[in-house]
Amino acid sequence: KGKCAMCHGQDGSGNTPMAKSMGIKDLGGADVQKMSDADLTGAITNGKGKMPGYKDKLSGAQISDLVAYIRTLKH
């Protein structure tokens, strides 16, 4: 929540003022859910587009847990 909610929202929907202005995706939407686990891990680790990477802020285990959590948000 501390790293992601500001942009992606508490529920991952991307329904925040920042998300709307920056084109941030809904984590439960098809665009994100069709990404492979490796692609999600890479995006979280190294960043993607305007999203910064979190390799220096989250452990590998935390990133894996985050990918698993993102999978629970599927609509």
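The paragraphs below lead from the overall form of the chain to one of its helices, then to single residues, and finally to the pockets.

The structure is a predicted model, and its protein chain holds five helices and two strands. Read from the N terminus on, these elements follow one another in the order α-α-α-α-β-β-α. The C-alpha trace spans about 30 × 25 × 20 Å along its principal axes, and the radius of gyration of the chain is 11 Å, which agrees with the value near 11 Å that a compact globule of 75 residues would have. Of those 75 residues, 33% count as buried. If one takes the contacts with a separation of 6 or more, 37% of them are accounted for by residues 24 or more positions apart.

A useful place to enter the interior is helix α4, which covers residues 37–46. Within α4, the residues Leu40, Ala43, Ile44 and Thr45 are buried, and the partners against which the buried residues of this helix pack are α3, β1, β2 and α5. In terms of position, β1 covers residues 47–48, while α3 runs over 30–33, β2 over 51–52 and α5 over 60–72. The helix α4 is followed by Gly47, a residue whose phi is positive, near 90°.

Two neighbouring residues of α4 show in more detail how this helix is placed. Ile44 lies in helix α4 and counts as buried because its relative accessibility is 6%, where the limit is under 20%. Leaving aside neighbours within four places in sequence, Ile44 is in contact with Met51, Pro52, Gly53, Tyr54, Lys55, Leu58, Ile63, Leu66, Val67 and Ile70. One of these partners, Leu66, is 22 residues away from Ile44 along the chain, and the C-alpha atoms of the two are separated by 8.7 Å.

Thr45, which also has its place in helix α4, has a relative accessible area of 19% and is therefore classed as buried, since the class takes in values under 20%. When residues up to four places away in sequence are not counted, Thr45 touches Gly53, Tyr54, Lys55 and Ile63. A polar atom of the side chain of Thr45 lies 2.7 Å from the backbone oxygen of Thr41.

The earlier part of the chain can be approached through Gly14, which lies in the loop between α1 and α2. Gly14 has a relative accessible area of 10%, and because burial is set at under 20%, this loop residue is buried. Its contacts, apart from neighbours within four places in sequence, are with Cys7, His8, Ala19, Lys20, Lys25 and Asp26. From Gly14 to Asn46, which is 32 residues away along the chain, the separation of the C-alpha atoms is 20 Å.

Lys20, one of the contacts of Gly14, has its place in helix α2, which covers residues 17–22. With a relative accessibility of 62%, Lys20 counts as exposed, because that class begins over 50%. Outside its neighbours within four places in sequence, Lys20 is in contact with Gly14 and Asn15. Lys20 and Ser64 are 44 residues apart in sequence, and their C-alpha atoms are 27 Å apart in space.

The account now turns to the pockets. The largest pocket encloses about 640 Å³ of space, and 26 residues line it, the closest to its centre being His8, Ile24, Lys25, Lys48 and Met51. At least two lining residues are supplied by each of α1 (5–8), α3, α4, β2 and α5. By class, the lining of the largest pocket is made up of 17 nonpolar, four polar and five charged residues. Two of the residues closest to the centre of this pocket, His8 and Lys25, are also among the contacts of Gly14, while Met51, likewise close to the centre, is one of the contacts of Ile44.

The second largest pocket holds about 160 Å³ of space. Its lining consists of 13 residues, and those that lie nearest its centre are Lys1, Cys4, Gly9, Gln10 and Tyr69. Both α1 and α5 supply at least two residues of this lining, with the largest share, three residues, coming from α5. The classes here comprise seven nonpolar, four polar and two charged residues.

Terms used
Residues numbered from 1 in each chain as written. Predicted model: local features only at pLDDT ≥ 70, side-chain atom pairs only at ≥ 80, totals over all residues. Heavy atoms only, no water. 1 Å grid on protein atoms, 1.4 Å probe; cavity = no way out; pocket = protein on both sides within 12 Å on 5 of 7 lines; lining within 4 Å. Points joined across faces, edges and corners; volume = space filled by probe spheres on them. Helix = DSSP H or I, 4+ residues; strand = E, 2+ residues; numbered from the N terminus. Nonpolar A, V, L, I, M, F, W, Y, C, P; charged D, E, K, R; others polar. Buried < 20%, exposed > 50% of the residue type's maximum accessible area, 1.4 Å probe, protein only. Polar contact = N/O pair within 3.5 Å; in protein donor to acceptor, adjacent residues only side chain to side chain. Contact = heavy atoms within 4.5 Å. Rg over C-alpha atoms; globule rule 2.2 N^0.38 Å.
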